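Biologist: I have a model open and would love to go through the labels one by one. Could you take me through the reasoning behind them?

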Amino acid sequence: MRHIPLKENPPPSRLRKWLTKAENLTQALISETDSAKRREIIESNSEVWRNKALKKYLMQLSDGKCWYSEAREVYSHYHVDHFRPKSEALDLNGKDQGGYWWLAFDWTNYRICGSVGNTKKGAKFHVKRNKASCHTDLCEDEIVCFLDPTDEDDTLKLTFDKTGTIKPSSVDESDWDYERAKYTIENLDLNYEPLKEARKDLWDTCESKLNELQHLMKEYNKNPSASKKGQIQSKLEELRTLTKPKSEFSAVAIKCLLSSDIEWVQKLALTAA
């Protein structure tokens, strides 16, 4: 998971009409006191969050990747996920704590999610404390279980190993950070087998490039030449590319480099993190 600076990148001018419609619908929801009629407003306007221009804007923020998994899918539909579910919010026991109807058309509540993760997530959204129940409550006061890719601190709470497995950064199972990471991994199916395999492949690729680079450096130090220096620079750029935000599973590439006991490799990772 890489940080998505959503609020720092509001919808562009081409979405002005969309924003006006979304704001008008939000006001209609707030003005409506009948829950059944509010639900009707939401259900009859689902095209708002399915808008192609909106989805294009959201996908550009992640270079076409799922915000949770960093996977780039070209033969399946990405979903515009409501981070805080619009109709109901299920706690750890499957009990509805009340949905966030007032955020149904709020662009700051949208996340791009692969179909596997979005289907698994559904209406799950456990709030440990300070659950917001209406538009006058502050969602910022909530203590929520799901890690949010738009929160830079949350992205630090996940890590990877060489098998492609994603896991909590914290090793203390009693930590709240551990609990949140575990909840997120399980309820977004982030260790879905094909996803796990793809991350493992990237880790192997990084290790292979590192081995090639170390060999080149050893040869260069024995017998320096301009051509060998050029090969080293080329391999370094290949590794840098794998760690850039636009690359698929870039967080895995960074973790692979950080796991090295070679200082310059770790420095290379830190410049990308």
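Modeller: Happy to; we will set values against definitions, label by label.

Modeller: This is a predicted model, where local features need pLDDT of at least 70 and side-chain atom pairs count only at pLDDT 80 or more, while totals for chains, interfaces and linings use all residues. Residues are numbered from 1 along each chain as its sequence is written, and side-chain values use heavy atoms, with hydrogens and water left out.

Biologist: Thanks! What makes E142 and R84 a salt bridge?

Modeller: The term asks for a side-chain nitrogen of Lys or Arg within 4 Å of a carboxyl oxygen of Asp or Glu. For E142 and R84 the N to O distance is 2.8 Å, so the pair meets that definition. E142 sits in the loop between β3 (127–129) and β4 (143–144), and R84 in the loop between β1 (79–82) and β2 (110–113), so the bridge ties together parts that are 58 residues apart in sequence. Helices (H or I, at least four residues) and strands (E, at least two) are DSSP runs, numbered from the N terminus.

Biologist: Are E142 and R84 buried or exposed?

Modeller: Both E142 and R84 are buried. Buried means under 20% relative accessible area, exposed means over 50%, and partly exposed is in between (1.4 Å probe, protein chains only).

Biologist: Why are E186 and K182 called partly exposed?

Modeller: E186 has 41% relative accessibility and K182 has 37%, so each value falls between the two cut-offs. Their side chains also meet in a salt bridge, at 2.8 Å from N to O. The two residues are 4 apart in helix α5 (residues 176–187), which means about one helical turn separates them.

Biologist: How do you know that E212 and K235 are linked?

Modeller: Their N to O distance is 2.5 Å, so they too satisfy the salt-bridge cut-off. This pair links distant parts of the chain, with E212 in helix α6 (residues 193–222) and K235 in helix α7 (residues 226–243), 23 residues apart. E212 is partly exposed at 34%, whereas K235 is buried at 18%. Both belong to a network of salt bridges with K209 and E238. The structure holds 15 salt bridges.

Biologist: On to helix α1: how do you know that its length agrees with expectation?

Modeller: The expected span is 1.5 Å times one less than the number of residues. For the 16 residues of α1 (residues 16–31) that should be 22 Å, and the end C-alpha atoms are 23 Å apart, which agrees.

Biologist: And why do you say its buried residues line one face?

Modeller: The buried residues of α1 are W18, L19, A22, L25, T26 and L29. Seen down the axis they fall within an arc of 130°, so they line one face of the helix; that arc is taken from the directions from the helix axis to the C-beta atoms. On the other side, R16, K17, N24 and S31 are exposed. The buried residues pack against α2 (35–43), α3 (52–60) and β2.

Biologist: What makes the W18 and Y110 pair edge-to-face?

Modeller: Rings of Phe, Tyr and Trp (its six-membered ring) pair if their centres lie within 6.5 Å; planes under 30 degrees apart count as stacked, over 60 as edge-to-face and the rest as tilted. W18 and Y110 have centres 6.3 Å apart and 65° between their planes, so both conditions hold. The pair joins helix α1 to strand β2, 92 residues apart, and both residues are buried.

Biologist: Why do W101 and W102 get the edge-to-face label?

Modeller: Their ring centres are 5.4 Å apart and their planes at 80°, so the pair is edge-to-face. W101 is buried at 14%, and W102 counts as buried at 6%. Ring pairs link both into a cluster with F83, Y100, F125, F146 and Y183.

Biologist: Last one: why is I42 called buried?

Modeller: I42, found in helix α2, has a relative accessible area of 4%, so it falls under the buried cut-off. Leaving aside neighbours within four places in sequence, I42 is in contact (heavy atoms within 4.5 Å) with L29, W49, K86, W101, A104 and F105.
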